[in-house]
Amino acid sequence: MLIAFDSTQQALRMEMLLEYIEIEIDLCPTPKEITAGCALSIRFPDEDEVRVWEVIETEKVEIRGLFRELDGEFEQIER
């Protein structure tokens with residue numbers, strides 16, 4: 001799964017929060033298929049989706065969206 005952001009500040013903040021709770025992440029360029037204000041995105045394992053949403057909501061992290069990649073295309077996940 002992938003989280004896209006509108007600001008680099010929020011991406012780096014989320015990186016720190018997820019590393020703190022020991023979710024394995026990968027900071028990567030935002031795919032060109034996703035329109036976002038920030039060039040950084042975070043990839044994480046699908047099985048951590050619930051924990052990631054909890055961090056987003058409790059810490060009030062501003063995200064562009066959370067996406068699942070299916071056959072090379074990105075589908076936005078709503079909560």
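In the predicted model, D48 is buried, with a relative accessible area of 13%. The residue forms a salt bridge with R51, and the closest N and O atoms of the pair are 3.7 Å apart. R51 has a relative accessibility of 35% and therefore counts as partly exposed. The limit for a buried residue is a relative accessible area under 20%, and residues between that limit and 50% are partly exposed. The value of 13% for D48 therefore falls in the buried class.

The structure holds 6 salt bridges in total. Another of these joins the side chains of R13 and E59, with an N to O distance of 3.9 Å. This pair links distant parts of the chain, since R13 belongs to helix α1 and E59 to the loop between α2 and β4 (65-70), 46 residues apart. R13 is partly exposed, at a relative accessible area of 26%. E59 is also partly exposed, at 36%. A further salt bridge is found between the side chains of R43 and E69, with 3.3 Å from N to O. Here R43 lies in strand β3 (residues 40-43) and E69 in strand β4, so the bridge ties together parts of the chain that are 26 residues apart in sequence. R43 counts as partly exposed at 30% relative accessibility, and E69 is partly exposed with a relative accessible area of 40%.

Strands β3 and β4 belong to an open sheet of 5 strands, in the order β2-β3-β1-β4-β5, with antiparallel pairing. The edges of the sheet are formed by β2 (26-29) and β5 (73-77), each of which pairs on one side only. From one strand to the next, the twist averages 35°. In general, the strands of a sheet pair through backbone hydrogen bonds, either parallel or antiparallel. Strand β1 (residues 2-4) pairs with β4 in the antiparallel sense over 3 bridges. Within this pairing, A4 stands opposite G65 in β4, and I3 stands opposite L66 in β4.

On its other side, β4 is joined to β5 by 5 bridges, and these two strands also run antiparallel. L70 stands opposite E73 in β5. The two strands form a hairpin with 2 residues between them, and D71 in the turn has a positive phi of about 50°. E73, found in strand β5, is exposed, with a relative accessible area of 58%. The C-alpha atoms of E73 and E19 are separated by 27 Å, and these residues are 54 apart along the chain.

Both helices α1 and α2 pack on the sheet. Helix α1 touches β1, β2 and β3, and its direction makes about 25° with that of β3. Helix α2 touches β1, β4 and β5, and its direction makes about 160° with that of β4. In α2, residues E49, V52, W53, V55 and I56 are buried. These residues cover an arc of only 160° around the axis, which means that they lie on the same side of α2. An α-helix has 3.6 residues a turn, so residues three or four places apart point the same way. V50 and T58 are exposed on the other side of α2. The buried residues of the helix pack against β1, α1, β4 and β5. After α2 comes K60, whose phi is positive, near 55°.

The interior of the model includes a largest nonpolar core of 19 residues, of which I3, F5, M14, L18, F44, V52 and L66 touch the most other members. Two or more residues of this core come from each of α1 (8-20) and α2 (49-58). Apart from this core lies another, of 5 residues, among them L2, C28, I34 and F67. In soluble globular proteins, nonpolar side chains tend to be buried together. Beyond residues up to four places away in sequence, F44 touches M1, L2, I3, I23, E24, I25, E49, V52 and L66. The contacts of F44 thus include V52 and L66, which are also listed among the core residues that touch the most other members.

Terms used:
Residues are numbered from 1 along each chain as its sequence is written. This is a predicted model: local features need pLDDT of at least 70, side-chain atom pairs count only at pLDDT 80 or more; totals for chains, interfaces and linings use all residues. Side-chain values use heavy atoms; hydrogens and water are left out. A nonpolar core is a set of buried Ala, Val, Leu, Ile, Met, Phe, Trp, Tyr and Cys residues joined through side-chain atoms within 4.5 Å. Buried means under 20% relative accessible area, exposed over 50%, partly exposed in between (1.4 Å probe, protein chains only). Helices (H or I, at least four residues) and strands (E, at least two) are DSSP runs, numbered from the N terminus. Contact means heavy atoms within 4.5 Å. A salt bridge is a side-chain nitrogen of Lys or Arg within 4 Å of a carboxyl oxygen of Asp or Glu. Two strands pair if DSSP finds at least two bridges between them. Axes are lines fitted to C-alpha atoms, for helices over the stretch in contact, and angles run from 0 to 180 degrees between N-to-C directions. The arc is that of the directions from the helix axis to the C-beta atoms.
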